[in-house]
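Open the model in your viewer and keep the selection tool ready. Each stop says what to pick and what is there.

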Amino acid sequence: MDRPFLDLGPCGPLRGALRVPGDKSVTHRGLMLLALAEGEGRLYYPLKAGDTLSTARVLRALGAEIEEEGPHFRVRGRGLRLKEPEDVLDCGNAGTLMRLVLGILAGQEGLFAVLTGDASLRRRPMARVAEPLRAMGARIDGREGGGKAPLAVRGGPLRGIRYTLPVPSAQVKSALLLAGLFAEGETEVEEPVPTRDHTERLFRHFGLPLWVAGNRVRTAKTGPFPAKDLTVPGDFSSAAFFLVAALISPGSEVVVEGVGLNPTRTGLLQVLKAMGAEVEWRVLEGEAGEPVGYVRARHSPLKGVAVDEGLIPLMVDEVPILAAAAAWAEGETFIPGLSELRVKESDRVAAIAQNLRALGVEVEEGPDWLRIRGGGVRRGEVEPFHDHRIAMAFAVAGLPVGVRVWEPEWAEISYPGFFRDLLGLCGAS
C-alpha cells in the first residue's frame, strides 16, 4: 500500500511571528479538573488535537459535559463524582491521559472502568503509576502483571501515602496528587529532581489543597470545589520546533508569541544558549499561574555541548528537536539521562539515531544517551515511527537542504497545521 509523504525544502530564511497551539499538558489537566469541579467553566485557547480530544472524549464518557465553543471548551463538571462508563475508555495515543485519569478513577468508590489505547500506548509502561496507586488502596489490573494496558480499575477508598519517585515523572506525580484528592489523610510525593509543575499550579488556581517544600509536594482530601475559567498558554514544546528551524537556517529570525515560559519546561533554552544560539525570551503576563511571553530566535552558528543531565526532566519532550540542532552544530553533543525516552510514543532514542543516520549524521546510541557529531545534514528521508515529535523534529532537521517526511500526519497528534505554519514562515504557500 502506498504510504503518504511530504517533501519539504530546501527552505530559505524563515521570517515572521506566530502563535502556536495551546499547551498540551495544561489542556489535559485543565479538562480533568473542570470535569471534577462543580458548575461550569471555560477552557480558553486549549490544544484541540488528537491527544487532548481523546481526553475530552474520555471525560464525556465519565459524565462531564464538554462542548466546543469556537476555539474554546465549555465544561460542566460532575462535582468529584464521575459516572461509570458504559464502554471501554479509549485513550488513543495519549499517555498523559491514561496515567492521570487512572489516579482519578482509583478514587471513585464503586466505579468500574477499563482503559485502553492504540498499539503504541498499549506498549507503554503503566506499572510506575499503578504500583503506587495500589499502595493507596486502588484495585488495578492489566496485561503483563498489571503493568500495561488494557487496564481495569475499580474505584474504592484510598489512603494517603508518602512516595518517592524512583525516576522523575510529572505524569506519575500528577496521578498521585489527583488520587490524593480522594484519599484519607495526606498524600506526599518526593521527586529526585524537579519536573514540570502544571498540576501544582492548577491546584492553586482551583483552590485545592497543596503544600510544596523543596522537591516534596503534598495534598489532602478535598470537598467539592467550584469551576473556574482557565486560559491555556501556547505550548513551549511546539514553539521549540520553530526556534530551532530559525537557528539552523541562514538569514532567519522567528518570534513565537503568547507561549508558556514555565521554568520547569524551558530547559532547552538553557542548552541552546550554551550552544551559542542567539535566542531571547521575556515573560509579559501570567495565566492561571503560568508565565507567558515571547521567544525570539535568530540564525546562529551552533557548537556542540555536553548537556547537563539535570536539565533533561525540564526538556524531556524537546530532546528530538535538540538532536536536530546538534546535527547542525560544529563538534560533538552528548545528551545523557534518556532512559525515559525509550518508553515514549516511540523508542525516541532509537528513532533519533536512525533518522540522524538517514540524514548523514554520525551518531552513537547508548542505553540512555546519545552522542551526535554535527556539522550539517544531507538530503534524505525520515520516519516518524508513529511519533508526532519525531515527525516534526526531523522535518526541521532536513528543512535547509530538503527532506521527505513519511506519514507526516502524525504531527496532528499535538500540532494540527504544523506543516502549514512551517511553510508559512518559509514564504511558501
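The tour of this predicted model runs from the core to the disulfide, the pocket, the cavity and a surface loop.

**Stop 1: the core**

Select Phe 242 and Phe 418. The largest nonpolar core has 78 residues, and these two touch the most other members. Now colour helix H9, residues 236-248. With 11 residues, H9 gives the most to this core.

Stay on Phe 242 and show its surroundings. Which residues is Phe 242 in contact with, leaving aside neighbours within four places in sequence? From the early part of the numbering come Leu 18 and Val 20. Val 254 and Val 256 are also in contact with Phe 242. The rest of the list is Tyr 415, Phe 418, Asp 421, Leu 422 and Leu 425. So Phe 418 appears twice here: as a contact of Phe 242 and as a residue that, with Phe 242, touches the most other core members, in keeping with a general tendency: in soluble globular proteins, nonpolar side chains tend to be buried together.

Next, select Met 32, Leu 89, Leu 181 and Leu 230. They are among the 67 residues of another core, which lies apart from the one around Phe 242.

**Stop 2: the disulfide**

Select Cys 11 and Cys 426. Their sulfur atoms are 1.9 Å apart and form a disulfide. A search of the whole structure finds one such bond. The S-S torsion is about -115 degrees, so the disulfide is left-handed.

Now trace the chain on both sides. Cys 11 sits in the loop between strand S1 (5-8) and strand S2 (15-18). Cys 426 is in the segment after helix H14 (418-425). The pair links distant parts of the chain, 415 residues apart.

Are these two cysteines buried or exposed? Cys 11 has 11% relative accessibility and counts as buried. Cys 426 is buried too, at 18%, because the cut-off is under 20%. Pick Cys 91 as well: its relative accessibility is 0%, and Cys 91 counts as buried.

**Stop 3: the largest pocket**

Show the pocket surface. Its volume is about 640 Å³. The lining has 38 residues, and the closest to the centre are Pro 168, Ser 169, Val 316, Glu 340 and Lys 344. Four helices give two or more residues to the lining: H1 (24-36), H3 (95-106), H7 and H13 (388-398).

Zoom in on Ser 169. It lies in the loop between strand S11 (162-164) and helix H7 (170-180). At 10% relative accessibility, Ser 169 counts as buried. Check the distance from its side chain to the backbone of Val 172. A polar atom of the Ser 169 side chain lies 3.1 Å from the backbone nitrogen of Val 172.

**Stop 4: the cavity**

How many cavities of 30 Å³ or more does a search of the whole structure find? The search finds one. The space in the largest cavity is about 40 Å³. To see the lining, select Asp 23, Val 26, His 198, Pro 233, Gly 234, Phe 236, Gly 260, Asn 262, Arg 265 and Glu 290.

**Stop 5: an exposed proline**

Finish at Pro 224. This residue lies in the loop between strand S15 (216-220) and strand S16 (230-231). Pro 224 is exposed, with a relative accessible area of 58%. Not counting residues up to four places away in sequence, Pro 224 touches Glu 38 and Leu 80. Last, draw a C-alpha to C-alpha distance from Pro 224 to Gly 50. They are 30 Å apart in space and 174 residues apart in sequence.

Note on methods:
Residues numbered from 1 in each chain as written. Predicted model: local features only at pLDDT ≥ 70, side-chain atom pairs only at ≥ 80, totals over all residues. Heavy atoms only, no water. Core = buried A, V, L, I, M, F, W, Y, C linked by side-chain atoms within 4.5 Å. Buried < 20%, exposed > 50% of the residue type's maximum accessible area, 1.4 Å probe, protein only. Contact = heavy atoms within 4.5 Å. Polar contact = N/O pair within 3.5 Å; in protein donor to acceptor, adjacent residues only side chain to side chain. Disulfide = S-S within 2.5 Å. 1 Å grid on protein atoms, 1.4 Å probe; cavity = no way out; pocket = protein on both sides within 12 Å on 5 of 7 lines; lining within 4 Å. Points joined across faces, edges and corners; volume = space filled by probe spheres on them.
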